[in-house]
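Trainee: I would like to go through this model slowly, starting with the empty spaces inside and then turning to how the helices pack. Could you put the sequence and the structure in front of us?

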Amino acid sequence: MEIVEEIVIVGGGVAGLATSLGLHRLGIRSLVLESSDDLRIAGYALTVFTNAWKALDALGIGDFLRQHHTRIQGNLTTSTISGLQTSELPFKAKGKHGDHEVRCVRRKLLLETLVKELPNGTVRFSSKVVCIEESGFFKLVHLADGTILKTKVLVGCDGVNSLVAKWLGFKKAAFAGRFAIRGCVDFKGSHRFEPKFMQFFGKGIRSGAIPVDDSTVYWFVTWTPSSKEEEQEQDPAKIKQIVLSRIGKVPDQARALLENAELDGFMSLPLRYRHPWELLWGNISKGNVCVAGDALHPLVPDIGQGGCSALEDGVVLARCLAEALLKEPTEEKDDYKRIEMGLKKYAKERVWRSIELTSVSYMTGFIQESRGKMMNFLRDKALAGFLAAFMLKMADFDCGKLNIS
């Protein structure tokens, strides 16, 4: 069975749903294919920085999400070697694009909010893409259930193991040599954490905690495992034991978060990223196909820009596609050329931003999780404040509105 669609978006995560909603706000319908049976909420929460709030406001859902999440006032960094605070950075400072705004947002609520704003039937669940074919000026998207979708535009938002990115010629994202675990702890009453982003560094491990609202705190740990620890990466009980033995000198309040966390949060995920030169020389778009979000620029989490940059991608891509698609339809060849130019414009607008985020996040993680004595000394004595400030600098960005010329 062959079904004709204007735009097919592969992947119902942050990038895919943001792109679809951006297009919907501009009067353009799309179909989102999600391989899972329901929304993917792995990751529990994400830190949403200034740049992402600008994107959420452009999509028209920023104010709703603000009502449900605590505004974070600053960053506190502590050495797990000495147990001493190494830097404090208030988030009051103004950037080039206005006041900084940071909140930790529940991933489930973000995705549900994006879906609620879309027309019924926009997201098709249990729709695994197995093959992509050329068909003149169209692409044929083959699904595991035998369905074939014929589309004018194909957008890959299908994550770090993207089939669309592979079709465009990108290699598999590189392993960063580190793993991550994360979760949320829901308190029966007030959690009594200050509205601050707390980070703890030392001896190859980085951990942190950030309030989501008055009764929920998000926590995370990233670390470079030994070969023996790597073998135990799929056993949640052993991972919890390893993490608690390695986090070092952290405040009792933070340690209690991990001690009380459910074991289902201790699922170890390998961190992956794309080499910057692949973004420079690769095909972000090709003809009527492009990629966005983790399919384009998988990031290590050290500057908190994974979900934020995916929201940026969604707004920019929707705007560039709308400029091409809202013109009077002509012959298939002319429509294809307009779409191709629109996607090239998107790629040009996103390539250097993607390279910058990929490079900075990797280097930040390398410094934060170094085990060397010299790097530990430099990080604790000189670089802690610099790294925190860099996190804000990367968030001082405006992807623009959804208006088209």
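Trainee: How many cavities of 30 Å³ or more does the structure hold?

Mentor: Please keep in mind from the start that this is a predicted model. Rolling a probe the size of a water molecule over the atoms shows where empty space is left. Counting the cavities of 30 Å³ or more in this structure, we arrive at three.

Trainee: Which elements each supply at least two residues of the lining of the largest cavity?

Mentor: The largest cavity holds about 80 Å³ of space, and among the residues that line it are F200, W219, F220, I247 and L258. By class, this lining has 10 nonpolar, two polar and no charged residues. The elements that each give at least two residues to it are β15 (205-211), β16 (216-223) and α8 (252-260).

Trainee: Which helix gives the most to the lining of the second largest cavity?

Mentor: The second largest cavity has a volume of about 50 Å³, and its lining consists of F137, F138, K152, E332, D335, Y336 and I339. These divide into four nonpolar, no polar and three charged residues. With four residues in the lining, the helix that gives the most is α11 (residues 332-368).

Trainee: Turning to the helices, is α1 roughly parallel or roughly antiparallel to α4?

Mentor: Helix α1 (residues 14-25) and helix α4 (residues 107-116) pack with their axes 9 Å apart, at an angle of about 25 degrees. Angles under 35 degrees count as roughly parallel. The angle of α1 to α4 therefore makes the pair roughly parallel.

Trainee: How many of the residues in the contact of α1 with α4 are charged?

Mentor: From α1 the contact takes V14, L17, A18 and L21, while α4 brings R107, L110, L111, L114 and V115. Arg counts among the charged residues, and R107 is part of this contact. Next to eight nonpolar and no polar residues, the number of charged residues is one.

Trainee: Is the crossing of α1 and α10 left-handed or right-handed?

Mentor: The axes of α1 and α10 come within 8 Å and cross at roughly 35 degrees. In this contact V14, A15, A18, T19, G22 and L23 of α1 meet G307, A310, L311, G314, L317, A318 and L321 of α10, and by class the contact has nine nonpolar, four polar and no charged residues. As for the sense in which α1 passes α10, the crossing is right-handed.

Trainee: Helix α2 also packs with α10, so to speak of its contact, which residues of α10 take part in it?

Mentor: Helix α2 (residues 50-59) and helix α10 (residues 306-325) pack at about 40 degrees, with their axes 8 Å apart, and α2 passes α10 in a left-handed crossing. The residues of this contact divide into eight nonpolar, one polar and one charged. On the side of α2 we find N51, A52, A55, L56, A58 and L59, and on the side of α10 the residues are C308, L311, E312 and V315.

Conventions:
Residues are numbered from 1 along each chain as its sequence is written. This is a predicted model: local features need pLDDT of at least 70, side-chain atom pairs count only at pLDDT 80 or more; totals for chains, interfaces and linings use all residues. Side-chain values use heavy atoms; hydrogens and water are left out. Axes are lines fitted to C-alpha atoms, for helices over the stretch in contact, and angles run from 0 to 180 degrees between N-to-C directions. Angles under 35 degrees count as roughly parallel, over 145 as roughly antiparallel, 65 to 115 as roughly perpendicular and the rest as oblique. Contact means heavy atoms within 4.5 Å. On a 1 Å grid over the protein atoms alone, a cavity is a set of points where a 1.4 Å probe fits but cannot get out, and a pocket is an open set with protein on both sides within 12 Å along at least five of seven lines; lining residues have an atom within 4 Å of a point. Grid points are joined across faces, edges and corners, and a volume is the space filled by probe spheres set on the points. A crossing is left-handed if the near helix is turned anticlockwise from the far one by less than a right angle, and right-handed if clockwise.
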